Every structure is written in structure tokens, then in C-alpha cells.
Amino acid sequence: MPTIIDGKELAKKIRANLKIECEELNTKGIKAKLAVIMVGEDQASKVYVRNKSKACDDVGIEYEEYLLDENITQKDLINLINKLNKEKTINGILLQSPIPANLDINEAFRTIIPEKDVDGFNPVNVGRLVLDQDTFVSCTPFGIMKMFDEYKIDLSGKNVVILGRSNIVGKPLIHCCLNRNATVTVCHSKTQNIKQITQNADVLISAVGKAHFVSADMIKDNSIIIDVGINRLENGKITGDVDFENVKDKVEFITPVPGGVGPMTIAMLMNNLIKATKRQNGMID
Ligand code: NAP
């Protein structure tokens, strides 16, 4: 029988602990506060932002939303980030992607100061991750590492195959796994013979964004499967990248969608925000 990794339950536990930390901060007169910037009307982003605001409420984190018109200029976006960088009451800044293609998201991520970069996208924080130094790790990879900790999954010496090389998931994951002594292979849209590679994976992490991309014949017996994908089917249901029903009986551990990686991503955002708040108040190095 496979173990279904329950991201929803673990995220709930992490958030309950963060709530206690938040209350302790309040007794010292410190209020943790997140600023979220969203540009334009992307429907999926609206759902993500709503979920983040609910999670903040739940943990006791204050929350400020900046909904910008899709025609905003790069200069105005950068000016807003600079203003929030200087604002003492704001501890973390999150720019929800995607933003309109005419805007330079890399410049925007670079502008969020590393101390408030709770998404871990500033190149300084990415560099620290590459060097295995303390940093803000981007929330989805960080959430996956927390799942490994909770289920006592040791990556050392394991063949980890990552499907996808995006800046927000695949690339930081490479270093998270490497830092835990895994042997890491990354596949992307130009990779040849993916099946041959995945069949050798002790741990397979899929972040492609295609429903049923990972089929049972691609999987090694008794492996560990982490499904990052969020795909909406024609019937409106959400599904991951993995053909869960046909894969689950071959594996040792597997994450469901929904209820797997998604809730962990939000919990790690809250975690990073509390860490940023403590650091800005001189409570941790
Ligand atoms: P992305 O930026 O679109 O990246 C997708 C990656 O998949 C790219 O590296 C792409 O390769 C690769 N790819 C596409 N087709 C492929 C194929 N046929 N074979 C092999 N690789 C292929 O997406 P993302 O932002 O990383 O997100 C990936 C998925 O995770 C999406 O479904 C997204 O909604 C979901 N997601 C979930 C969470 C969560 O909290 N659960 C968080 C973030 C994202 P190239 O680089 O060559 O184009």
C-alpha cells in the first residue's frame, strides 16, 4: 500500500504552530505584515491571492493587497516595490506571477530587497540557496522539503528526477535536492527519452503543468512521487501532472492533487513571513 502524503494536514499543523509564533510576536508589540502585488486580472492568480489572504487571516498575519491595472508602467511598478521596501510596517513583499508580458518581472523580483523577499525569487536569495546558505527558499520547493522531513524521506544518495525547470519550481528544487545529497537530473521540453530517465528515479517530482503527463509505465516500482502540477480539466476539476489512479499502487509515497503540494506552498509563505518579521526585529540572525 502506498503512503499518501497529506500536504493539507501537514500544512494545517505548520500553520497552527505559526499562529502561536504570531501571537508571541503580538505580545511584544510586533505585527507581521505581508504586502501582495497583483497586476491585471489573471483568474488563477486571483484564486491564489485569495487563498493567501485567507491563510494570513488564519495565522494572524496582517495583509495588504495592491491590485494594479494591467496597463501600469514598469516604472510605476518598481516605484511601488521601492516604497514597500522602505515601509517599516511591511515585513514581506510578494509579486504574484504572471504579470503582463510587457513588464519585466525579473527586474521587479530583483527590486524586492532580499530581507523582504519571502518568495525567495531575488537573485541574492537564489544564490544563497545555490551555495547552501540560510535564505528564503521559494515556497513550493521548500514545502516539498518539509514533506520529506515529515515523512522521514532521506534524499541522500537517491536518484531524484525533476520534470520542469521554471525559476519558481524546477530550478530551486534542483538545489534543495542537491543540498540534501541527492543525485539530481532535470528534464524539460527539449529532453529526449524522458521515460528512460524517469524509470530510473527513486524520487520523481513533476512540475510540468500537463494533466496525466506522468503515466504508470514511466515510474520505477516503490518510488516516491511528488506532483506539483495544478491543471484544470474540462469538467472543472483540478488534477496534477500524475495519473494518480494508475500510478499509486506502484509507489511507496505519493502526493495527491489537490491536498498535496499546494497547501504546503502557502504554509511556507507564512513561515517565510514570520522568519522575515523576526529577523527584521533582531530576534534571529
Ligand atoms: P512553467 O513555468 O510553465 O514550467 C513548466 C516546465 O515544464 C518548463 O520547464 C517546461 O520546459 C517543462 N515542460 C513542458 N512541457 C514538457 C514536456 N512535454 N516534457 C518535459 N518538460 C516539459 O510552470 P511552473 O510555474 O513551474 O508550474 C508547473 C506546474 O506546477 C503548473 O501546473 C503550475 O500550476 C503548478 N504549480 C503548482 C504550485 C503548487 O503550489 N502546487 C506552485 C507553482 C506551480 P521548458 O523549460 O523547456 O519550456
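Me: What makes the meeting of the ligand and the Arg165 side chain a polar contact?
Reply: A polar contact is a pair of N or O atoms within 3.5 Å (within protein, one must be able to donate a hydrogen and the other to accept it, and residues adjacent in sequence count only if both atoms are side-chain atoms). An oxygen atom of the ligand sits 2.8 Å from an N or O atom in the Arg165 side chain, so the pair qualifies. Ser166 also uses its side chain, at 2.5 Å from a ligand oxygen, while Ile230 offers a backbone N or O atom at 3.0 Å. The protein buries 71% of the 930 Å² that the ligand exposes when taken alone.

Me: What sort of model do these values come from?
Reply: It's a predicted model, where local features need pLDDT of at least 70, side-chain atom pairs need 80 or more, and totals for chains, interfaces and linings use all residues. Residues are numbered from 1 along each chain as its sequence is written, and side-chain values use heavy atoms, leaving out hydrogens and water.

Me: Which helix gives the most to the shell around the ligand?
Reply: That's H10, with three residues. A helix here is a DSSP run of H or I with at least four residues, and a strand is a run of E with at least two, numbered from the N terminus.

Me: Why is Lys278 called buried?
Reply: Buried means under 20% relative accessible area, exposed means over 50%, and partly exposed is in between (1.4 Å probe, protein chains only). Lys278 has 19%, so it counts as buried. This residue lies in H10, which covers residues 261–280. Leaving aside neighbours within four places in sequence, Lys278 is in contact (heavy atoms within 4.5 Å) with Glu21, Leu25, Met283 and Ile284.

Me: What makes Tyr151 and Phe253 an edge-to-face pair?
Reply: Rings of Phe, Tyr and Trp (its six-membered ring) pair if their centres lie within 6.5 Å; planes under 30 degrees apart are stacked, over 60 edge-to-face, and the rest tilted. Here the centres are 6.2 Å apart and the planes meet at 75°, so both tests are passed. Tyr151 is in the loop between helix H6 and strand E5, and Phe253 is in strand E11, 102 residues apart. The whole structure has two aromatic pairs.

Me: How do Tyr151 and Phe253 count: buried, partly exposed or exposed?
Reply: Tyr151 has 23%, so it is partly exposed. Phe253, at 11%, counts as buried.

Conventions. Areas by Shrake-Rupley, 256 points an atom, 1.4 Å probe, with all protein chains shown as cover.
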